[in-house]
Each structure stands twice: as structure tokens, then as C-alpha cells.
Amino acid sequence: MASVSIPIEKPGMWARVAAWLTTVDHKRIGIMYLASSFFFFLLSGIFALIIRLQLAQPGMELVNQNVYNELFTMHGTGMIFLFVIPFLVGLGNYIVPLQLGARDMAFPRINALGFWLLLFAGLVMEGGFLIGGTASNAAWTAYVPLSTRQFSPQVGMDIWLFGIVLVGISSTLGAVNFLVTIYTMRAPGMTLWRIPFFTWTIIVTAAMILLATPVLTAALIMLISDRNFNTQFFTTANPRLWQNMFWFYSHPAVYIMILPAMGVLSEVIPVFSRKPLFGWKAMVLSTILIGVLGFTTWVHHMFVSGVDPLVERFFMFTTMVIAVPTGVKIFSWIATMWKGSLNLKTPLLMCLGFISTFVIGGISGVMQGAIPIDMQVHNTYWVVAHFHYVLFGGSVFGIFAGMYYWLPKITGRMLNDKLGKFHFALMWIGFNTAFFPMHILGLEGMPRRIATYAADRGWDLPNLIATIGAFMIAASVLLFMINYVVSIVARRGEVAGDDPWEANTLEWATSSPPPVYNFARTPVVESERPLYDQRMAAQAKPQA
Ligand code: HEM
Ligand SMILES: [Cu+2]
């Protein structure tokens, strides 16, 4: 290969690749986050399809129990640590500086480091699995003693633990960067109450990452040390030590995954209802409250592990209380749409998908927050149904709402709306077909994490239906990819222009895609809807 040369006129292919590899521009880093995490979404989705094929009928022998364990561990951790969290971080990377009217993140090099660490961590985790077939099989919760050397001797377990440590470092770096950027780099006039809502959710999310992640990292390093250096942090301690440290991170993690998606909804719904967001301050306060209360509920994952009954009741109470600020958000979105002139394009439909499924997941969550119900449904498919209704129904619909809304800004082209609507309809129907029957399976006593089941349990039909639903979801994601290739890669989509949705926030004040420096002149902000102000001023002029 010829040596790399960078001609001034038109950079060659290698120069362009090198420019991406060495970039510190928040937009390029954001795009690399989005692309890599979408790749991990597809990979973890393929694992889910294999899981569902294996469970389609009783007595299937597609994979054995050990491979099955590896598959759902890699599915769950891939979706959480390599898709939802980094995707939302990537979206934040791209959008937050633009919404602030800034030219980049506060620490562009740390930003790049965060991305490369994440990609490396993902390749480490998946590589351990795909190359050796000896991945972690202790489930995403990696409970001690299941994850100790005695029960999980394979080196894949260490590789996996190490990968998650790297993910944690990456997201901590990102969190610091977001907080400093938002604190110091806002456009003149952007007071706290005028920070756009998506950016507000990133503030709270970053604070949660900063508080929660070190606890997980410490626990992971202690476990690695127990496995390899004969320390006894977990082996001799109360077995609940791991559970406490793990869930002290992992319950807040569900809000880390849902708050930015709620931020997307709070941007999209007002724009597509042509009304301001209902109850702006209540929305900001409820986001902060969710962030605080998110740290007070983790023991609800441990109701069956013999915690003191008084302590249990406290955590049952906090679990129910957190439904209140969450309810505030749902009501605010509905009130925003109420009597608005709804523009029923794909981004808004995805938001409706979020609300309709997330409410079901919220209700089943409050139900299992009650200790007696949790005793019954713990470790059954009820729980699998519940968390997919919040994680897929919430985060993933929110992520797609964000893609249909912001990809025109990022790429300069509109996605096809008709195809988008088909994608939405197929995904919504497929989602409910796949996951609603799991409630029934749970109540009928089917445990989670089993590779097969006997024919006489009455679990056949709901399992078959769930598998059909899973393939409908896969087909809908394929539609999205076709849409992306046709509209954006092949440039058949309409040219987006600066502001195709008549939106409110500053990212729409610059070109699509924005120039390297984002804004030629730093914008000045006078309300929480600067672009709305600009449009009003432009309309007022001719009459004056
Ligand atoms: C195509 C869509 C999906 C399908 C069909 C699917 C299916 C499944 C099934 C059947 C299980 C249970 C395996 C078992 O317990 O034996 C499972 C577990 C899990 N899924 Fe999904 N899933 C999908 C998407 C997602 C998404 C988007 C997320 C998160 C953002 C997610 C997170 C998880 C987690 C954390 C587990 C638990 C793994 C464990 O027990 O360690 N899934 N999934
Ligand atoms: Cu929880």
C-alpha cells in the first residue's frame, strides 16, 4: 500500500479514513458511537433470535444449556452496555453541543478516548464469545457464587468482566465531559431553565453515571481479584455483598437508559404537536427527582434473598414512590399533545409507541414492587416481560424516535416517512406479539434462563407466538436499514435543509449536517425556544 499522503485539494481514501480515526470533533465521535452501538444492537438481536428459535417449541436442540447461557448473557449485556447506553451517549455527543450553541465538547480528546475505549470493550466482550465459545455464562447479573472460579472456571468470564470495567471507564469519562460542557459552554442567555430538555436529561444521566458506575467498577475488580489472585472479597463475605453492589449500580442504570429517551420524547412531542412542552419546570424537577430516587430502590431486586423485613418494606415504598415523577412525565406528554395540531410523522409515532408500551411496563413494575407479588413472579418470564416493556418499549422506541428526528440533521437527508410508518407498525405489533405472552408464561410458572421445557407444561403456544413476534421485530429493523440505505446512503431522500420540522432548539439553527465549527456566530438565547423566537421575529418583520 502506498504511504499516506494528504493532498490539499482532495483528500484520498486513506487520508479520509485517517481523519476519522484521529478525529476529536464531537459530531464525528457521535456518529462513530451511533454506528458501533447499532452494530452491537444487531449482534445482540441475532442472539435474541437464536434464543427465541430454541424456545419456539418444547424439546428443541438448536443449542445446549451452556451455549444458551452464554447467548442470553451476551444478549443482555450487549443490549445494555454496548447498545442502549453508548447509543444515548453518542446521541448526546452529537446533539448536546449543538443544543448549547457550542463548538465542541469541553474535552474533545477525552471524548475520543471514551469512544475508542467503548469500541475496544465491545470487541473484547464479543470476541471472547465468538472466538472461543467460552463467554461468560453467569447471566448479566453475574451473581456470586455463580461467577466465581469454582462455578465459572472459563477465562471468558474474566474477559467479560474486564470488558465491563472498560465500558464503565468509558461512560464515566463521557459523564464528566457532559457535565463540564453543559456547565461552562452554554450560549449567552441560556440560563438553567432554558437548557433544552434533551440536554437536561443528559445532565441528570451524567450525574447518575458518575455516582453509580464506580460502585460497579469496584465490584467487578474485586471479583476479578477473587477469581485470579485468591482474594476473598465475595467468597467469604455475605453473598448479598455482590448483589448490593451490583444493584446499587444496575437499578440506577435503568434510569441511565430511560432518561435520555424521555429527553428525546420531550423534544419530539412539542415539535410535532405545535405546542410548548406542558409543565416545563415540573418536567425538569421530575427528571431530577427520578435521578435522586433512582438510588433508593435497588433492594427490590433482592426481596427473595432474605433481607430484613423492615428494610424490604422501605424499599417497596420507595419503588412505588418513583412511579410518581414518572407519571408526571407521561401526563405532561399527553397534555402537550392534547388539542395540539398533531403532525403524525414517524418520530411522533415512535413516541406514541414508547408511551403505550412503557406504561404497561411501569404498571407491571409497580405490581412486582409489591413484595408478595414479587415472591410469586421472581425469576419467571413475568420479569422478562416487564423489563423488555420498559427497556425495549421505552429506550428502543425512544432511540428510533430520536433517529427519525435527528438523522436528517446528522446526514442532511430525510428518511422516507411511509417506510418509517411501516417500520413503526411492524415493530409495535411484533413487540407486543413477542413480549405480551411472556406475562402469561410467567404467571404459568415458566422460569427465565432455561434452555428448554417439557411439552406437558402448557407453555407451547405462548412461546411459539413470542418467537413469531421476535421475527416480526427483526423484519421491522430490516425495513429501517433499507430506509437508511435508500434515503441516505443512496441519496434518494429529500434534502433536509436547516430545519425540516420547524423545531425549537439551536441544533436546527445551523446547516444539516452542521459545519465543523457548528455555528459561524455564537447564537444568543432569550427563551427556552430560541428557534421559535426567530420564526416569530421573521414573521413579524414584513408587517412592521
Ligand atoms: C428482538 C428483540 C428482543 C428479543 C426477542 C429478546 C428476547 C429475550 C429473551 C427471550 C430473554 C430471556 C432469556 C432467558 O431468560 O432464558 C431475554 C433476556 C434479556 N434481554 Fe432481551 N430481547 C430483545 C431485546 C432486548 C433489548 C432491546 C434489551 C435491552 C435494552 C434486552 C435486554 C435483555 C436482558 C438484560 C436480558 C436478561 C439476560 C439475563 O438473564 O442475563 N433485550 N431477551
Ligand atoms: Cu430496580
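# Exercises on a predicted model

Lysine 339 sits in the loop that runs between α10 and α11 (346-369). Keep in mind throughout that the model is predicted. Each exercise below has a task and a solution in steps.

## Exercise 1: Two loop residues with positive phi

**Task.** Find out what phi is for lysine 339, and decide whether lysine 339 is buried or exposed. Then do likewise for arginine 274.

**Solution.**
- Step 1. Lysine 339 is not a glycine, yet its phi is positive, near 60 degrees.
- Step 2. The relative accessibility of lysine 339 is 76%. Exposed means over 50%, so lysine 339 counts as exposed.
- Step 3. Arginine 274 belongs to another loop, the one between α7 and α8 (280-293). Here too a residue that is not a glycine has a positive phi, of about 55 degrees.
- Step 4. Arginine 274 has a relative accessibility of 38%. That value falls between 20% and 50%, so arginine 274 counts as partly exposed.

## Exercise 2: Cis peptide bonds

**Task.** Look at the bond from valine 144 to proline 145 and state what omega is. Then examine the bond that joins serine 512 and proline 513.

**Solution.**
- Step 1. Between valine 144 and proline 145 the peptide bond is cis, and omega is near 10 degrees.
- Step 2. To place this bond, note that proline 145 lies in the loop between α4 (108-132) and α5.
- Step 3. Serine 512 and proline 513 are also linked by a cis peptide bond, with omega about -10 degrees.
- Step 4. Proline 513 is found in the loop between α15 and α16 (530-543).

## Exercise 3: The surroundings of ligand 1

**Task.** Work out how many residues surround ligand 1, which helices supply at least two of them each, and which side chains have polar atoms by the ligand.

**Solution.**
- Step 1. Ligand 1 is surrounded by 25 residues, and the closest are Tyr68, His75, Trp140, His388 and Arg449.
- Step 2. Sort the shell by class: 19 residues are nonpolar, three are polar and three are charged.
- Step 3. Trace the shell back to the helices. At least two residues each come from α2 (26-55), α3 (65-100), α13 (381-411) and α15 (460-489).
- Step 4. Turn to the atom pairs. In arginine 449, a side-chain N or O atom is 2.7 Å from an oxygen atom of ligand 1.
- Step 5. For histidine 388, the partner is a nitrogen atom of ligand 1, which lies 2.8 Å from a polar side-chain atom.
- Step 6. Tyrosine 381 has a side-chain N or O atom 3.4 Å from an oxygen atom of ligand 1.

## Exercise 4: The copper ion

**Task.** Name the residues that coordinate the copper ion (ligand 2), and decide whether histidine 300 is buried or exposed.

**Solution.**
- Step 1. The copper ion (ligand 2) is held by His251 through ND1, His300 through NE2 and His301 through NE2. These atoms are at 1.7 to 2.0 Å.
- Step 2. Along the chain, the donors follow the spacing H-x48-H-H.
- Step 3. Histidine 300 has a relative accessible area of 14%. This is under 20%, so histidine 300 is buried.
- Step 4. Histidine 301, at 24%, counts as partly exposed.

## Exercise 5: Cavities

**Task.** State how many cavities of 30 Å³ or more the structure holds. Then describe the largest cavity and the second largest.

**Solution.**
- Step 1. There are five cavities of 30 Å³ or more.
- Step 2. The largest cavity has a volume of about 70 Å³. Its lining includes Ile85, Val89, Phe178 and Thr205.
- Step 3. Helix α6 gives the largest share of that lining, four residues. By class, the lining of the largest cavity has nine nonpolar residues, one polar and no charged ones.
- Step 4. The second largest cavity has a volume of about 60 Å³. Among the residues that line it are Tyr33, Phe81, Ile85 and Val89.
- Step 5. For the second largest cavity, the largest share of the lining comes from α3, with four residues. Its lining has seven nonpolar, two polar and no charged residues.

## Exercise 6: Threonine 326

**Task.** Locate threonine 326 and find out which backbone oxygen lies by its side chain.

**Solution.**
- Step 1. Threonine 326 is part of helix α10 (residues 323-337).
- Step 2. A polar atom of the threonine 326 side chain lies 2.8 Å from the backbone oxygen of isoleucine 322.
- Step 3. With a relative accessible area of 13%, threonine 326 is buried.

Conventions: Residues are numbered from 1 along each chain as its sequence is written. Chains are lettered from A and ligands numbered from 1 in the order in which they are written. This is a predicted model: local features need pLDDT of at least 70, side-chain atom pairs count only at pLDDT 80 or more; totals for chains, interfaces and linings use all residues. Side-chain values use heavy atoms; hydrogens and water are left out. A residue is near a molecule or strand if one of its heavy atoms lies within 4 Å of it. A polar contact is a pair of N or O atoms within 3.5 Å; within protein, one must be able to donate a hydrogen and the other to accept it, and residues adjacent in sequence count only if both atoms are side-chain atoms. Ala, Val, Leu, Ile, Met, Phe, Trp, Tyr, Cys and Pro count as nonpolar, Asp, Glu, Lys and Arg as charged, and the others, Gly among them, as polar. Donors are N, O and S atoms within 2.8 Å of the metal (3.2 Å for Na, K and Ca); water is not among the atoms, so sites may look incomplete. Buried means under 20% relative accessible area, exposed over 50%, partly exposed in between (1.4 Å probe, protein chains only). On a 1 Å grid over the protein atoms alone, a cavity is a set of points where a 1.4 Å probe fits but cannot get out, and a pocket is an open set with protein on both sides within 12 Å along at least five of seven lines; lining residues have an atom within 4 Å of a point. Grid points are joined across faces, edges and corners, and a volume is the space filled by probe spheres set on the points.
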